[in-house]
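Colleague: Could you take me through one part of this model in detail? I would love a close look at the sheet and at whatever packs on it.

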Amino acid sequence: MDFASALLCLTLNLFKEAEGEGLENMRIVGDVVINRVESKDYPNDVCSVILQKKQFSWANNLRNRNIETLVDVQANTLIKIGNDDIRLNAYRDAEAIARYILSKDYKPRYRFLYFYSGKSPYWADGKQGLRKGRLTFMR
């Protein structure tokens with residue numbers, strides 16, 4: 001997978017899953033993706049992990065799971081952000097964090113493979129998690 005595609009996938013995922021949650025939560029969401037890439041139980045590239053069915057809430061409604069669709073998602077996201085400086089800065093933060101995470105020497109700080117927001121889902125029963133803001137991260 002080329003760097004530009006991975007950057008687009010990861011930027012959108014960080015923004016869509018952790019907007020308003022701060023830089024650390026964006027980074028931990030990125031760690032989840034990288035940990036999955038490194039796991040034998042998930043696909044071995046960033047976009048395939050993110051676009052895997054029923055894994056990330058924002059991607060669940062995508063008609064097509066390809067880079068062209070993600071370019072459209074990015075354009076629509078930026079149109080919706082418009083002149084909202086707070087949201088635009090959050091998007092820029094997501095892109096900067098994604099670029100950092102995709103650097104060759106990056107090592108995830110956290111070993112989480114899952115996270116959720118809101119009410120605990122069935123698959124989280126019996127697992128310990130780290131709650132940060134509205135997100136709970138789990139191994």
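Modeller: Gladly! One term before we start: two strands are said to pair if DSSP finds at least two bridges between them. Please keep in mind that this is a predicted model.

In β3, threonine 136 is the bridge partner of arginine 131. That contact belongs to the antiparallel pairing of β2 with β3 (residues 135–138), which runs over four bridges. Close to the turn, lysine 132 stands opposite leucine 135 of β3. The two strands make a hairpin with two residues between them, and glycine 133 in that turn has a positive phi of about 65°.

On the other side, β3 pairs with β1, again in the antiparallel sense and over four bridges. Here phenylalanine 115 stands opposite phenylalanine 137 in β3. Put together, the three strands give an open sheet with the order β1-β3-β2 and antiparallel pairing. Its edge strands, β1 (114–117) and β2 (129–132), each pair on one side only. Direction ignored, neighbouring strands are turned by 20° against each other on average.

Helix α2 (residues 22–38) packs on this sheet and touches β1, β2 and β3, its direction making about 35° with that of β3. Now for the faces of the central strand. In a regular strand the side chains alternate between the two faces of the sheet. In β3 both faces are covered: Leu135 and Phe137 are buried on one side, Thr136 and Met138 on the other.

Two charged residues of the helix deserve your attention. Arginine 36 lies in α2. Its side chain is buried yet has no salt bridge, and the nearest side chain of opposite charge, glutamate 17, is 8.9 Å away. Beyond its neighbours within four places in sequence, arginine 36 is in contact with Tyr42, Pro43, Val49, Gln55, Phe56, Leu113 and Tyr114. Tyr114 falls in β1, one of the edge strands.

Aspartate 31 also sits in helix α2. It too is buried without a salt bridge, although arginine 27, the nearest side chain of opposite charge, is 4.6 Å away. A salt bridge needs a side-chain nitrogen of Lys or Arg within 4 Å of a carboxyl oxygen of Asp or Glu. Not counting residues up to four places away in sequence, aspartate 31 touches Ile101, Tyr106, Pro108, Arg109, Tyr110 and Phe112.

Key: Residues numbered from 1 in each chain as written. Predicted model: local features only at pLDDT ≥ 70, side-chain atom pairs only at ≥ 80, totals over all residues. Heavy atoms only, no water. Axes fitted to C-alpha atoms, helices over the stretch in contact; angles between N-to-C directions. Contact = heavy atoms within 4.5 Å. Buried < 20%, exposed > 50% of the residue type's maximum accessible area, 1.4 Å probe, protein only. Lys, Arg positive; Asp, Glu negative; His and termini not counted.
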